[in-house]
Amino acid sequence: MYVGTLSFDLLLGDVRSLKEKRSVVRPIVAELHRKFAVSVAEVGDQDLYRRARIGLAMVSGDTGHLSEVLDRCERLVAARPEVELLSVRRRFHGGDDE
């Protein structure tokens with residue numbers, strides 16, 4: 001069993017309130033969950049209205065499939081015009097990890 005995680009650090013565009021931030025972040029989280037069947041949530045910077053941190057995790061028995069899905073998730077977020085992708089942190093955990 002392998003677990004892959006992504007952490008996205010996002011700069012939001014023309015957002016002036018936490019309510020506007022939610023209207024940008026929620027559709028991204030929902031689309032990632034719907035299209036790729038991954039676990040995803042906003043995990044940081046909840047009190048900053050122009051920044052967002054989204055965490056994503058997936059479990060698979062095949063590292064190739066896991067890597068492919070994480071690549072597709074990253075491309076989806078990077079292609080969103082309303083956000084700027086500042087950084088992505090990717091981690092893999094395998095069966096031999098302790």
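This passage describes three strands of a predicted model and a few residues within them.

Because the model is predicted, local features are reported at pLDDT of at least 70 and side-chain atom pairs only at pLDDT 80 or more, whereas totals for chains, interfaces and linings use all residues. Residues are numbered from 1 along each chain as its sequence is written, and side-chain values use heavy atoms, with hydrogens and water left out.

A good place to start is the pairing of the strands. Strands here are DSSP runs of E with at least two residues, numbered from the N terminus, and two of them pair if DSSP finds at least two bridges between them. Strand β1 covers residues 2-12, strand β3 residues 51-60 and strand β4 residues 83-93. β1 and β3 run antiparallel and are joined by 10 bridges; T5, for instance, has A57 in β3 as its bridge partner. β1 and β4 also run antiparallel, joined by 10 bridges, and here L6 has R90 of β4 as its bridge partner.

Within β1, D9 is a helpful residue to follow. D9 counts as buried because its relative accessibility is 7% (buried means under 20% relative accessible area, exposed over 50%, partly exposed in between, with a 1.4 Å probe and protein chains only). Its side chain makes a polar contact with the side chain of R51 at 2.7 Å. Such a contact is a pair of N or O atoms within 3.5 Å; within protein, one must be able to donate a hydrogen and the other to accept it, and residues adjacent in sequence count only if both atoms are side-chain atoms. Leaving aside residues up to four places away in sequence, D9 touches D45, R51, A52, R53, E84, L85, L86 and S87, where contact means heavy atoms within 4.5 Å.

L85, one of the residues that D9 touches, lies in β4. L85 counts as partly exposed because its relative accessibility is 25%. L85 and L11 are 74 residues apart in sequence, yet their C-alpha atoms are 6.5 Å apart in space. Beyond four places in sequence, L85 touches F8, D9, L10, E74, V77 and A78.

Turning to β3, S60 is found in this strand. S60 is buried, since its relative accessible area is 11%. The side chain of S60 reaches the backbone nitrogen of D62 at 3.1 Å. With residues up to four places away in sequence not counted, S60 touches M1, Y2, H65 and L66.

Note on methods
Helices (H or I, at least four residues) and strands (E, at least two) are DSSP runs, numbered from the N terminus.
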